[in-house]
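Thanks for sending this one over. Here are my notes, set out point by point so you can check them against the coordinates.

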Amino acid sequence: MFFENYHVGDFFDEMFLADGSVRPHYAAILERMRELSLEDFEGKRQAVDLSFLSQGITFTVYDESGSTERIFPFDLMPRIIPNREWIHLERGLVQRLQALNAFLQDIYSEQRILKEGIIPARYVLSGKHFRREMMGVSVPNDIYIHICGTDLIRDGDGNYLVLEDNGRCPSGVSYLLENRQAMKRAFPNFFPMAGVRPVENYCEELLRMMQYIAPNGKEQPVCVLLTPGHFNSAYFEHCFLARQMGIEIVQGPDLVVRDFKVYMRTTHGLQQVDVIYRRIDDDFLDPSVFNPDSLLGVPGLMNAIRAGNVALANAIGTGIADDKLIYAYVPDMIRFYLSEEPILGQVETLFASEEKQLSHILANLENLVVKSANEAGGYGMLIGPAASREEIERFRVMIKAEPRNFIAQPPISLSRHPTFCEGDFEGRHIDLRPYIICGQNTSIIPGGLTRVALRKGSLVVNSSQGGGSKDTWVLYGDE
Amino acid sequence: MLSRVADSLYWMSRYIERAENIARILDVNLQLLLDFETLDDARLKEHWEPIIRASGDEVLFYELYDAPTSHNVTDFLTFCRKNPSSILSCMLAARENARTIRDQISLEMWECLNQSFLFLNSSNARSVWDSGPYQFFKQIQDFSHLFQGLTESTFSHGEGYHFMQVGKYLERADKTGRILDIKYHILLPSVRDVGGAVDAVQWGAILRSCSAFEAYHRLFVASVEPWKIAEFLIFNDLFPRSICFSIRLLDEYLHRISGCPAGRYSNEAERVCGRLLSDLRFGNVNDVFAYGMHEYLAGLHQRLVEIGKAVYESYMFHPRVDIAAEIATQQQQ
């Protein structure tokens, strides 16, 4: 019998209240899980793992003995979000993305927000991902971030907080869709009664958005997905999305720019491309403008963008909105551009580049989380309370050398969720990444990728560091 | 269709066909050995060397192994990763090609390919092989047939399918030619055995290597005769592994890709393929013996290589862009 010895601990638990009673929206699944014997459960788990493996839903891990393909560990216990919470999240995320798009449009043209002193100009202009090349370039419908994968966490009181905006090339949406398939196969009878909103039309929305941003409103534009190639760890996802949308998946060498237009090389000669969903970072997109050593990109792509002959999703230069210094100003952006108060909270942020805050950071390193301003995926991060002396000293030197590149935040005790661990359910820390598409209108796929830190006590949910995932159910109702 | 995708589909299909053929050759020849009384080292060498030549690289073999024993040869042609034509290497290459174009093939095709690769790469494969090569090679052939069936029934018969068929038939024509060539090598050192019982068994093995034993007997009823076998495997118009049949379909699919009417050509690939097809259609076994079987087959192989090159140049090849020059041009604009 599961859940006999489950403890909520000192954390916000998604499924149980502090007194141990189940939250109403989890009551049905709890009953279903309790009916299962350990053998039933293990059987379902193995069937799901096997189907991921045979479909090749894997990511590649490199070590000394070569490369191995692993599946992204999947936990059968779903994360459930009741409708009223979701409506709140949805409003908050749409508001945030509107403000970010307005910000990007502004800083690449008039720079009102800098002139009015809302954000210090030096923070934007010194940003590693601020692209001067985009100054004065207009993008279709003024949308810069078309696909956004905001990372959300919940604090000790259960408040949703934005941790990162991820407006560059957020990945993981294919896992979300595959996880749903896996859950439906594992619980075919329970699923239809659970009142879960479907996620299946994501790819349709994505394609509709791409068609909407075609240059000059071209009808039936040729859309492609640009991938770095099959050695990329997200290649499965690139294929998955391209196949679902029925568009070509291309690599840099498949494309060529002639007369400010982008073409792909086909068996019947060159064919013009109108919209590119790119899954390559800015730096590698065009070796004639950015990193000249890139073999993944297309020389002249920037020229074609400037001439308005091709649209990119996401646009070049969105990385500045991901900068963790700029993140601290998003609430101000919302007030400035939208004249609204932010709906979603975020984590308080200290700047190492400000004298006063720097001395506070350096004095309290063991009590803070320090992040590099421009890294993603859990890299370049110091979790003070869990770090060793040497690590702290290493960061102290790095911060002093390059204060612009670091910020600090108070550690947040992430919410926990029952997760299957060796025979029974235990609480594990989770986060949530919903996927937002911004085209003619802004839509959010009801659900998201819930990542879970499988190691006991760990706060790191990244797949490269022992993370797994869960299916995320958004309910039609509240129970 | 993207040129790169066409190229990958073509090679994926070719590698699968190659793996199947190697599995069949090994299967038949391992069984053949059971019929011989005793085999000293010299006879074993005689038996296996032509097979190594027909399906792989003799020089590489002697770099890796000391003697052509049954075990060494089957290992070389089955599991050896250093041999690019081993079954495992072929399946790996087929899967790598499929991986780069996963979005282009059907889910069923991908799963089939992925599962067979997982099987081959697992320790389970070795144990199946150890417990009986027959079962193992059967599995490889079954897999290839399953894959072809899934391609037929789950994959659109459009341009991508046509490129897959071009790869398959080109490989098949080549392998049938090489299998026949094995016999030429077997005959060479011991002319006195011609017509003897061993010879009949060996020619039978050639037929079995092409799955042609029954089809041949249905057509000729008579016993196994070398020139009839050569005629059958080269010129028969209906048997799906004969060279003529393969080239006829190759020609057909090339024309479907370009849309050019049959009997004419619109590019070099169609021209060289059409010329070979008319030689096969209007030729017979007398040409082969007049020319010398080995020489004839070597010439055929050369022409197949030419067709492969022409296909590449007509559809897949775009002059390589000089990145530095390209960057310089784009920066001036």
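The points below go from the fold of chain A to its surface and then to its partner chain.

1. A word on provenance to begin with: this is a predicted model, and the values that follow are best read in that light.

2. Chain A is built from 15 helices and 24 strands. Its radius of gyration is 23 Å, close to the 23 Å that the globule rule gives for 479 residues, so chain A is as compact as a globular protein of that length. If you are setting up a box, the C-alpha trace of chain A spans about 70 × 60 × 50 Å along its principal axes.

3. On packing, 59% of the 479 residues of chain A count as buried. Among the contacts in chain A with a separation of 6 or more, 69% are between residues 24 or more positions apart.

4. Turning to the surface, chain A has an accessible area of about 19,300 Å², and carbon and sulfur atoms hold 49% of it. As for charge, chain A carries 47 positive and 63 negative charges, and the mean positions of these two sets lie 2 Å apart.

5. Now the interface. Here 33 residues of chain B are in contact with 32 residues of chain A. Together the two chains bury about 3,000 Å², with 48% of that on carbon and sulfur atoms. Which three residues supply more than any others of the area that chain B buries against chain A? They are B:Leu2, B:Arg102 and B:Asp103, which supply 21% of that area.

Conventions:
Residues are numbered from 1 along each chain as its sequence is written. Chains are lettered from A and ligands numbered from 1 in the order in which they are written. This is a predicted model: local features need pLDDT of at least 70, side-chain atom pairs count only at pLDDT 80 or more; totals for chains, interfaces and linings use all residues. Side-chain values use heavy atoms; hydrogens and water are left out. Helices (H or I, at least four residues) and strands (E, at least two) are DSSP runs, numbered from the N terminus. The radius of gyration is taken over C-alpha atoms; the globule rule is 2.2 Å times the number of residues to the power 0.38. Buried means under 20% relative accessible area, exposed over 50%, partly exposed in between (1.4 Å probe, protein chains only). Contact means heavy atoms within 4.5 Å. Accessible areas come from the Shrake-Rupley method with a 1.4 Å probe; for residues, only the protein chains shown count as cover. Lys and Arg count as positive and Asp and Glu as negative; His and the chain ends are not counted. The place of a charge is taken as NZ of Lys, CZ of Arg, CG of Asp or CD of Glu. Buried area is the accessible area (1.4 Å probe) that two parts lose on being put together, summed over both.
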